[in-house]
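Here are my notes on the model you sent, set out as numbered points. I begin with the surroundings of the ligand and then turn to the fold, the helix pairs and two backbone details.

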Amino acid sequence: MSRVLIIGAGGVGGVVTHKCAQARETFSEVLLASRTESKCEAIARDVKKLQRRVIKTASLDADDPKNTIALIESFKPEVVINVALPYQDLAIMEACLATGVHYLDTANYEPPDKAKFEYKWQWAYRKKFEQAGITAILGCGFDPGQTNIYCAWAQKHHFDEIHTVDIMDCNAGSHGKAFATNFNPEINIREITQRGKFWEEGKWVTTDPLSVHTPFDFPECGVKDMYLMYHEELESLVKHLKGLKRIRFWMTFGKPYLTHLEVLQNVGMTSIEPILFEGKEIVPLQFLKAVLPKPETLGKNYTGKTNIGCWIEGVKDGKFKRYYVYNVSDHAEAYREVRSQAISYTTGVPAMLGAKLLVEGRWRKPGVWNVEQFDPDPFMHEIGRWGLPWVETAPEGPLPV
Ligand code: NDP
């Protein structure tokens, strides 16, 4: 039995908290801490009603490791699940190192003043975590997360060599708002407005933002236009898959979403350069975040499904092989179970299961690791039971790209 500290009471934090409360045989006590304690308390009330469990809450500014160290020392968790923002990753890792507590997150570090996400800052902690005898698991949401684990599973059970991977993320749901992002708007818009990038034959190839797209018929979601983007799991999978020749990431967007985004970009609202407004410095993107719907409020009226998976081609026993593995989630079902939409749900469930495997010793090795570096079997065997079942198929034709 372990105590778990969850940091960040947003859309994903809510799901992680409900799921840790459900895993009562593993997590004996749950503490949810965030900058605004009233958000933790609102989640705690839902957890009490839906999961019939009382959890603790606390106010925490995790930008300063001293605050997190003090909270860890008083609560004494075995693991910290960081589902605040990528900006807090290094400060929370520092706090875990100082206190000898395991760490898990769902998004890699990003400096606040530069829209650039990369693993180098967190990978630099490998030796320190090894020496402290504690485990850090990076990127254990859905993408990154379950998609990386699909690749590790395919590498272990289906292929001798993986040649190409296409990760495809489709949201065919509707939340009824003119424009909203499904997870933190600031992080989401910074990610989408970057140049596209994929890896081929040992080199990174870049494209203009959202300039490459193609329709794909997603099981249970239908035909959607998917756009080539850069996504953080490409960086680690390039290192960890055997024989890889190409890896790409695709995400679907509807036309109204893209039109809104284009207008916001054209008028400067997505910029992270501070401007002076009535004598005070503000960052346009942070102001935009303040006026957009909060991701955790979208769940109530959300309908439709998501489909996220990996299309993989390679060689098994000397023969060419094609393999497609995916999960379908339903927004309304996620809301009924944990008061969330499916994007936060598909992120929060793998985070809970990763932490569960860590504290149970099944995914524990001192150092800093991406999820595909662990044995995928315990995760793949359990994740269906926790709400994200997967389907595997052998497609007959090539990916229509
Ligand atoms: P939200 O914006 O909904 O929630 C973030 C929470 O973090 C907020 O409640 C915020 O508190 C809290 N927070 C921010 N700064 C601090 C701080 N300094 N100290 C303590 N708490 C802080 O985001 P999401 O829940 O949508 O996303 C959470 C994380 O999950 C992000 O890192 C995101 O990138 C990642 N993610 C990963 C995915 C994957 O599949 N791998 C997919 C989707 C998201 P407050 O409201 O009080 O400011």
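1. Which helices each supply at least two residues of the shell around the ligand? In this predicted model, they are α1, spanning residues 11-22, and α13, spanning residues 342-359. Of the two, α1 deserves attention, since the greatest contribution to the shell around the ligand comes from α1, with 3 residues.

2. The ligand has 34 residues around it, and those that come nearest are Gly8, Gly10, Thr36, Gly141 and Phe183. Sorted by class, the shell around the ligand holds 15 nonpolar, 13 polar and 6 charged residues.

3. The two helices named in the first point also pack against each other: the axes of α1 and α13 lie 8 Å apart, at an angle of about 45°. An angle between 35 and 65 degrees falls outside both the roughly parallel and the roughly perpendicular ranges, and α1 and α13 are therefore oblique to each other. The crossing in which α1 passes α13 is right-handed.

4. On the α1 side, this contact involves Gly11, Val12, Gly14, Val15, Val16, Lys19 and Cys20, which meet Ser344, Tyr345, Thr347, Gly348, Val349, Ala351 and Met352 on the α13 side. Divided by class, the residues in the contact of α1 with α13 are 8 nonpolar, 5 polar and 1 charged.

5. As for the overall fold, the protein contains 14 helices and 18 strands, and its C-alpha trace extends over about 55 × 55 × 40 Å along the principal axes. The radius of gyration is 20 Å, which agrees with the value near 21 Å that a compact globule of 401 residues would have.

6. A second helix pair worth checking is α3 (65-75) with α4 (residues 89-99), whose axes are 8 Å apart and make an angle of about 45°. That angle makes α3 oblique to α4, and the crossing of these two helices is right-handed. From α3 the contact draws on Pro65, Thr68, Ile69, Ile72 and Glu73, while α4 brings Ala91, Ile92, Glu94, Ala95, Ala98 and Thr99. The classes represented in the contact of α3 with α4 are 7 nonpolar, 2 polar and 2 charged residues.

7. The third pair consists of α7 (residues 146-157) and α9 (residues 233-240), whose axes come within 11 Å and cross at roughly 15°. Because angles under 35 degrees count as roughly parallel, α7 is roughly parallel to α9; the crossing of α7 and α9 is right-handed. Here Thr147, Asn148 and Cys151 of α7 meet Glu233, Ser236 and Leu237 of α9, and the contact of α7 with α9 comprises 2 nonpolar, 3 polar and 1 charged residues.

8. Which peptide bond is cis, with omega near 10°? The bond in question runs from Asp143 to Pro144, and Pro144 sits in the loop between β6 (135-138) and α7. I would ask that this cis bond, from Asp143 to Pro144, be named explicitly in any description of the model.

9. One further backbone detail concerns Lys76, which has a positive phi of about 55° although Lys76 is not a glycine. Lys76 belongs to the loop between α3 and β4 (79-82).

Definitions and conventions
Residues numbered from 1 in each chain as written. Predicted model: local features only at pLDDT ≥ 70, side-chain atom pairs only at ≥ 80, totals over all residues. Near = placed C-beta within 6 Å. Helix = DSSP H or I, 4+ residues; strand = E, 2+ residues; numbered from the N terminus. Nonpolar A, V, L, I, M, F, W, Y, C, P; charged D, E, K, R; others polar. Axes fitted to C-alpha atoms, helices over the stretch in contact; angles between N-to-C directions. Parallel < 35°, antiparallel > 145°, perpendicular 65-115°, else oblique. Left-handed = near helix turned anticlockwise from the far one by under 90°. Contact = placed C-beta atoms within 7 Å. Rg over C-alpha atoms; globule rule 2.2 N^0.38 Å.
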